[in-house]
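Hi,

Here is the structure I said I would pass on. Could you open it and then read my notes next to it?

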Amino acid sequence: MIFAFALPTFKRAVASDPDIISDFIVPPNFNGTIDGSFFTFTGFRGIFDQAPETFKGSKASLVEFPALTGQSVSYAVLQFPPNTLFPPHTRPDATGLLFLVDGTLEVGLIDTKNNLYTQKLQTGDLFIFPKGLVHYQYNSDLRRPATAIAAFGSSSARAVTVPPAIFTMGIDDTILAKSFKTDVRTIEKIKAGFTN
């Protein structure tokens, strides 16, 4: 008697950066010593010593932190004084996770079908900005600053900003609202960030 077994075959799709084949990658032209300091980024020291007057993003990406070579991750600390905006932008290279450490933020993103998704974040909230989608963050509080930490799925996550002139050159708010598939109130909030 012969038994035949058919085992199902599963295929898995992988949509991420390729795995590196070593523990870490030493960047070309690196002449330093590989010790604990190679794996330590000190560029955030002192960023909380003085509150910024305008929106400020401090980052640890491949340029600032060479140990990120091949690691597919980077990081930023975002500081929002009262009533400030990180204007509409996209990150074509990376998904972003925004963790609100202090304050409140109004955030929004527009998907590829022109749907606008907004949320008012409170301290402790985490929001995802999918790769390539236009998004913004706005601290509408007139007295209290906000601080957030952002992590990106790329060591070289770049922000491509929507030209501010779109919001400051006098195009009627109704036209902008229709163009961005949102409401006039949202356009007014975005414009307020450019005039502060």
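The side chain of Glu 106 makes a polar contact with the side chain of Ser 140, at 2.7 Å. Before you zoom in, keep in mind that this is a predicted model. Glu 106 belongs to strand 5, which covers residues 104–110. Is Glu 106 buried or exposed? Its relative accessibility is 13%, and buried means under 20%, so Glu 106 counts as buried. If you skip the neighbours within four places in sequence, Glu 106 is in contact with Gln 119, Lys 120, Tyr 136, Gln 137, Tyr 138, Ser 140 and Lys 189. Ser 140 thus turns up in that contact list and as the polar partner too.

Next, Thr 69. You'll find Thr 69 in the loop between strand 1 (56–60) and strand 2 (74–80). Thr 69 has a relative accessible area of 15%, so this loop residue is buried as well. Which backbone atom does the side chain of Thr 69 reach? That would be the backbone oxygen of Pro 66, at 2.8 Å. Not counting residues up to four places away in sequence, Thr 69 touches Ile 25, Pro 27 and Leu 62.

Asp 183 also sits in a loop, this one between helix 2 (173–179) and helix 3 (184–195). With a relative accessible area of 40%, Asp 183 is partly exposed. The side chain of Asp 183 reaches the backbone nitrogen of Arg 185 at 3.3 Å. If you want a distance to check, take Asp 183 and Asp 173: they are ten residues apart in sequence, and their C-alpha atoms are 8.7 Å apart in space.

Last, the surface. Leu 97, Phe 99, Val 101, Leu 126 and Ile 128 together make a nonpolar surface patch of about 420 Å². Where do these residues come from? Strand 4 (96–102) and strand 7 (126–129) each supply at least two of them, and strand 4 has the largest share, with three residues. Val 101 is a handy one to click on: it is found in strand 4 and is partly exposed, with a relative accessible area of 37%.

That's the lot from my side. Shout if anything looks odd when you load the file.

Cheers

Notes
Residues numbered from 1 in each chain as written. Predicted model: local features only at pLDDT ≥ 70, side-chain atom pairs only at ≥ 80, totals over all residues. Heavy atoms only, no water. Helix = DSSP H or I, 4+ residues; strand = E, 2+ residues; numbered from the N terminus. Buried < 20%, exposed > 50% of the residue type's maximum accessible area, 1.4 Å probe, protein only. Polar contact = N/O pair within 3.5 Å; in protein donor to acceptor, adjacent residues only side chain to side chain. Contact = heavy atoms within 4.5 Å. Patch = residues over 30% accessible without salt bridge, like charges linked within 9 Å, V, L, I, M, F, W, Y side chains within 5 Å. Areas by Shrake-Rupley, 256 points an atom, 1.4 Å probe, with all protein chains shown as cover. Salt bridge = Lys/Arg side-chain N within 4 Å of Asp/Glu carboxyl O.
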